[in-house]
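Here are some short exercises to help you find your way around a new structure. Try each task on your own, then read the solution step by step.

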Amino acid sequence: DRTAVFPSVTASPLRATTTVTAPPVPLFPESRSVLTLGGNDEVGKSNIVLSLNDGGLLANLEHYRRVLRQAGYLPELDKPSLAAPPHPEAPAADATGPTSQGHVLVSRKDGGEITVNLLALDEKRVRVHLMVVEAP
């Protein structure tokens with residue numbers, strides 16, 4: 001069992017949106033959106049998209065680095081996530097691949113921020129937590 005905690009970045013409660021608001025960068029190809037939340041208050045407009053895909057951690061990492069750069073976001077943080085113990089089915093680290101089962105990317109543009117948290121659930125499946133905060 002694992003528990004994921006996502007701190008709130010809004011002053012008012014987030015709400016599940018009835019229509020999916022597309023994030024400013026494309027999700028990994030063939031991603032399945034699991035949950036979409038949105039908020040809009042004095043702190044800013046925020047959207048959270050939780051998705052799953054079968055692309056593997058390294059391919060997801062390359063995808064999100066590329067699309068963030070193409071959308072004009074400047075990287076602020078790009079590091080392995082070592083918060084959770086390795087999952088028994090997570091890929092082993094090697095000289096060419098990721099050194100952990102997760103990775104965090106934080107990029108900024110025009111006073112806003114995108115955080116992409118990637119977690120390998122097994123060798124192929126990856127959970128992507130994409131949080132977009134736009135300046136008010």
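**Exercise 1.** In this predicted model, work out whether D78 is buried, partly exposed or exposed, and find its salt-bridge partner.

*Solution.*
- Start with the relative accessibility of D78, which is 37%. Buried means under 20% and exposed means over 50%, so D78 counts as partly exposed.
- Next, look for a partner: D78 forms a salt bridge with R65, and their closest N and O atoms are 2.8 Å apart.
- Now place both residues. D78 sits in strand β4 (residues 74–81) and R65 in helix α1, so this pair, 13 residues apart, links distant parts of the chain.
- Finally, check R65: at 33% relative accessibility, R65 counts as partly exposed.

**Exercise 2.** Find out which parts of the chain are tied together by the salt bridge of R32 and D54.

*Solution.*
- The side chains of R32 and D54 meet in a salt bridge, with 3.8 Å from N to O.
- R32 belongs to strand β2 (residues 32–41), while D54 is in the loop between β3 (44–53) and α1, so the bridge ties together parts that are 22 residues apart in sequence.
- R32 has 40% relative accessibility and therefore counts as partly exposed.
- D54, at 43%, also counts as partly exposed.

**Exercise 3.** How many salt bridges does the structure hold, and which residues are linked in a network of them?

*Solution.*
- The structure holds 5 salt bridges.
- One of them joins the side chains of E113 and R108, at 2.8 Å from N to O.
- E113 is partly exposed because its relative accessibility is 22%, and R108 is partly exposed at 37%.
- Add E76 to this pair and you have the network: E76, R108 and E113 are linked by salt bridges.

**Exercise 4.** Is H63 buried or exposed, and what is in contact with it away from its sequence neighbours?

*Solution.*
- H63 lies in helix α1, which covers residues 57–70.
- Its relative accessibility is 6%, so H63 counts as buried.
- Setting aside neighbours within four places in sequence, H63 is in contact with P26, L27, F28 and P29.

**Exercise 5.** Describe the largest nonpolar core, and follow one of its residues outward.

*Solution.*
- This core has 18 residues, and those with the most contacts inside it are Y64, L68, I114, V116 and L118.
- Helix α1, strand β6 (112–120) and strand β7 (126–134) each supply at least two of its residues.
- The largest share, 5 residues, comes from α1.
- Now follow Y64. Beyond its neighbours within four places in sequence, Y64 is in contact with P26, L27, F28, L105, V116, L118 and V128.

**Exercise 6.** Step back and sketch the whole protein chain: what is the order of its elements, and what percentage of its residues count as buried?

*Solution.*
- Count the elements: there are 1 helix and 7 strands.
- Put them in order from the N terminus: β-β-β-α-β-β-β-β.
- Turn to burial: of the 136 residues, 37% count as buried.
- Look at the surface: the chain exposes about 8000 Å², and carbon and sulfur atoms supply 55% of this area.
- End with contacts: among those with a separation of 6 or more, 60% are between residues 24 or more positions apart.

Technical notes:
Residues numbered from 1 in each chain as written. Predicted model: local features only at pLDDT ≥ 70, side-chain atom pairs only at ≥ 80, totals over all residues. Heavy atoms only, no water. Helix = DSSP H or I, 4+ residues; strand = E, 2+ residues; numbered from the N terminus. Buried < 20%, exposed > 50% of the residue type's maximum accessible area, 1.4 Å probe, protein only. Contact = heavy atoms within 4.5 Å. Areas by Shrake-Rupley, 256 points an atom, 1.4 Å probe, with all protein chains shown as cover. Salt bridge = Lys/Arg side-chain N within 4 Å of Asp/Glu carboxyl O. Core = buried A, V, L, I, M, F, W, Y, C linked by side-chain atoms within 4.5 Å.
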